[in-house]
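Q: I've got a model open here and I'd like a close look at just one part of it. Pick a piece worth walking through, and tell me what packs on it and what faces out.

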Amino acid sequence: MYEDEDYEEFDASYSQEMVEEEMNLGIVSLAEHCLVPTLRSVSTQLLLLLTCCLLYRCTTQLANVPVAIRHMISSVIGLYALIYFFKGLVIDLLILVVVAYVILSILNALEVNHGPIITLLSFGYLVGNEFLLEPESWQKIRGPEMLAVMKVISIAFDLDSGVIKRLPNLWEYSGYVLCVGTSVFGAWCSFQDYLNIYINPIWNIKWVIKAVQSLLLGLLSFTLSVCFVEWFIPPESSEWWGMYRDALQFRTSHYFVSYLSETAAVLSGFGAQSNGQWHLNVSEPQHIELPHSLVQV
């Protein structure tokens, strides 16, 4: 006959085995039904974007290509990537880019301050799109349009302050605004930063490491947002845990876009330092999730 203690020991052992088995099945099911399909769904888009960035850098920074050709290549590859991701909505972006350059040219000819006027007109254009475009369309294209507006405004204020001595010509302007490394997902860079990537470009293993690191962190953030967060905190959790789960999913999706923008920018040549290091941080999740002070958030 078994003693009560034997039954309790057997029951505890059996329960532990059941928990471990369910956990293993849960992980396998998660990988099969969420992780693999999720990574497969973004692989095509990621591959195209990263290929465009590599193609751009190789064709403009490996050999001594004429300056005008560099900017043309930047414009064409960037426009191709934008069309691939945003389809016909790119027309609205191009209208913004062209009209902004025309206004910059007029203001430059009149020798008046560019910054305040360009800022007001750009802001008005964005607000107009908020009401004129379909909500779904605006949600898709607003990111690239805001990036373009930031670049145009930076040119305007740099002209006013003397950082830029002359108005960039059409190819310089379009190459900067449409550069594939910064026009699709960001990150923002100044016109001078854009010009600097063509001056003594650095090719080293640290460039590869930085790009791969940002890409892997981006994919990790993406899988956390889509798969793991809801697995860690299931829907039947308490209300407070549910609120934390939703907020964490939002933040990790933001980290994905941030790391993806890092990857694209670095692959395009941005972030090189004079000492051979590569430094470009769009987001620092460790300071947001585990801040030492409110200054870091």
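A: Let's take H3: its buried residues are covered by, among others, H2, H4, helix H5 (135-161) and helix H6 (170-177). Keep in mind that this is a predicted model.

First, where H3 sits. The protein has eleven helices and zero strands, and H3 itself runs over residues 90-110. For its 21 residues you'd expect a span of 30 Å at 1.5 Å a residue, and the end C-alpha atoms are indeed 30 Å apart, so the two agree. Right after the helix comes Glu 111, with a positive phi near 55 degrees.

Now the covered side. The buried residues of H3 are Val 90, Asp 92, Leu 93, Leu 96, Val 97, Ala 100, Tyr 101, Leu 104 and Leu 107. Notice how the numbers step along: an α-helix has 3.6 residues a turn, so residues three or four places apart point the same way. One of the helices doing the covering is H2, which takes in residues 67-86. For the protein as a whole, buried residues make up 39% of the 297 residues.

Then there's what shows on the outside. Val 98, Val 102, Ile 106, Leu 110, Val 112, Ile 117 and Leu 121 make a nonpolar surface patch of about 580 Å². H3 gives the largest share of that patch, four residues, and helix H4 (115-132) also supplies at least two. So H4 turns up twice here: it helps build the patch, and it is among the elements covering the buried residues of H3. If you want one patch residue to click on, try Ile 106, which lies in H3. Ile 106 has 45% relative accessibility, and because the partly exposed class runs from 20% to 50%, that is where it falls.

Last, the record. An unreviewed UniProt entry annotates residues 81-104, 170-191 and 212-233 as "transmembrane region". You can check how two of those spans look in the model. Residues 212-233 are 95% helix and 0% strand, with end C-alpha atoms 29 Å apart. Residues 170-191, on the other hand, are 59% helix and 0% strand, and the end C-alpha atoms there are 13 Å apart. Helix H6, one of the elements covering H3, takes in residues 170-177.

Note on methods: Residues are numbered from 1 along each chain as its sequence is written. This is a predicted model: local features need pLDDT of at least 70, side-chain atom pairs count only at pLDDT 80 or more; totals for chains, interfaces and linings use all residues. Side-chain values use heavy atoms; hydrogens and water are left out. Patches are made of residues with over 30% relative accessible area and no salt bridge: like charges are joined within 9 Å, nonpolar side chains (Val, Leu, Ile, Met, Phe, Trp, Tyr) within 5 Å. Accessible areas come from the Shrake-Rupley method with a 1.4 Å probe; for residues, only the protein chains shown count as cover. A salt bridge is a side-chain nitrogen of Lys or Arg within 4 Å of a carboxyl oxygen of Asp or Glu. Buried means under 20% relative accessible area, exposed over 50%, partly exposed in between (1.4 Å probe, protein chains only). UniProt positions are given in the numbering used here, feature names are shortened, and annotations may be inferred rather than shown by experiment. The expected span of a helix is 1.5 Å times one less than its number of residues. Contact means heavy atoms within 4.5 Å.
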